[in-house]
Amino acid sequence: MKTLYFDCFAGASGDMILGALIAAGVEPEAFKQQLSLLGVTGYTIDFETVDRSGISATYARVQTPHEHAHRHLSDILKIIYGSRLSDSIKDRAAKIFARLAEAEARVHNEQVEQVHFHEVGAVDAIIDVVGAAIGFELLGIERFVASPLHVGSGTVDMDHGRYPVPPPAVAELLNGVPFYSTDIVGELVTPTGAAIITTVCAGYGPIPQLKLERAGYGAGTREYKRFPNALRVFVGEEESSTATKAVGQTGSADERLWMIETNMDDISPQILGHVMERAFDLGALDCYFTSVQMKKNRPGVLLSILCREEQRATLSELLFSETTTLGLRAYEVERRALERRIVTVETQYGPIDVKVAQLNGHIIKEMPEYEQCRQAAREANVPLRIVEEAARSAFVKGVRQ
């Protein structure tokens, strides 16, 4: 299986992704020819080899005229679907922008249709997203994996003001995705970079077992002392037996996870409740207790935590420091989950998030968020089921439209 691995040790942006794809084997003229099918004019794109702390990297320079108009998602989709690009490129680019719109909608508490893009609606961002989809197609990539993302630190100035790194939209896009910060100052992951990677990637973690074909470095704009501001990609063949899919891809999703367990018969219930809260704060995917009968006929509890490889050490340390256990068991498990996304609907009781599950591109389940429905029901003094039915009805109506 042709796999591309994003090594995000210096974050990721749209132009870094484009530069890395060119460095990894995308032929520039073939790329530009495909990009011309988008039907957008007034831009130029060039690729140059630059030095980033001793590493030769490709910088994608996209130049566009300054624009005053802000675009909505519908405006961008019209550009994409009105182009002469292949359907697969159109669909991938559209999914990336739809993910961006959903993130912005949650940040600003708006409907997706009301979101107007600022920086990410400009022509250069459209070039970045569509260009990435073109590059993936030209390389024949079948599967995408990424390392945890280095987001940088400090603050960033945006249209609405000055925000901490990662800014709100990036933080929303990275929900459920492993990322970290260091003393490197600056916004290393941009909304465009985050949207591209989190839309296409099947999983996050170490480099999978690859028969490497090409590696490429895409240069970022900033230059740091003794720190290569570049995105590295590896392209190669991955054995089908080891390639798994994770949440975010079409259909069901397989993911290799870790289960950490311990039995205890001498721990306070208050401590167990505290440990569960801390486990979720530290990135656990699930945490639960099971009543067990232990040696000497003592009633006890089996504490189980489900997590990804990146959280395994931290959560093990939590159990040793916060509980009475003297030892842990840990083993790999495979989780299969449906593709999920959140859609916000408007009801007479206010906006409600609906969790939507899909299989092979078809919606098979929708579930209004319980806490929001409960709060809305209390405020309106109506039964909970009435609010849930209103949210489902609004969702179904939106799908049909």
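In the predicted model, Ala146 has Tyr204 of strand 13 as its bridge partner. Strand 13 covers residues 203-204. Strand 6 and strand 13 are parallel and share 2 bridges. Strand 6 also pairs with strand 1, again in the parallel sense. Here the bridges number 4. Within this pairing, Val145 of strand 6 stands opposite Tyr5. Strand 6 thus has strand 1 as one partner and strand 13 as another.

Strand 6 comprises residues 143-146. Both of its faces are covered. Arg143 and Val145 lie on one side, and both are buried. Phe144 and Ala146 lie on the other side and are likewise buried. Two of these buried residues recur in the bridge pattern: Val145 faces Tyr5, and Ala146 is matched with Tyr204.

A second pairing is antiparallel. Strand 2 (residues 44-52) and strand 3 (residues 55-63) are joined by 9 bridges. Thr49 has Thr58 of strand 3 as its bridge partner. The two strands form a hairpin with 2 residues between them. In this hairpin, Ser53 adopts a positive phi near 55°.

A positive phi near 55° is also found at Asn109, the residue that follows helix 4. Helix 4 runs over residues 87-108 and has 22 residues. Its length was checked against the expected rise. The expected span is 1.5 Å times one less than the number of residues, so the helix should span 32 Å. The end C-alpha atoms are 31 Å apart, which agrees with that value. Many positions in helix 4 are buried, among them Ile89, Ala93, Ile96, Phe97 and Leu100. The buried set is not confined to hydrophobic side chains: Lys90, Glu102 and Glu104 also belong to it.

Leu100 also provides a reference point for Ser13. The two residues are 87 residues apart in sequence, and their C-alpha atoms are 14 Å apart in space. Ser13 sits in the loop between strand 1 (2-7) and helix 1 (14-23). Its relative accessibility is 8%, so Ser13 counts as buried; the cut-off is under 20%. Beyond residues up to four places away in sequence, Ser13 touches Thr190 and Gly193. Closer in sequence, the side chains of Ser13 and Asp15 are joined by a polar contact of 2.4 Å.

Note on methods
Residues are numbered from 1 along each chain as its sequence is written. This is a predicted model: local features need pLDDT of at least 70, side-chain atom pairs count only at pLDDT 80 or more; totals for chains, interfaces and linings use all residues. Side-chain values use heavy atoms; hydrogens and water are left out. Buried means under 20% relative accessible area, exposed over 50%, partly exposed in between (1.4 Å probe, protein chains only). Contact means heavy atoms within 4.5 Å. A polar contact is a pair of N or O atoms within 3.5 Å; within protein, one must be able to donate a hydrogen and the other to accept it, and residues adjacent in sequence count only if both atoms are side-chain atoms. Two strands pair if DSSP finds at least two bridges between them.
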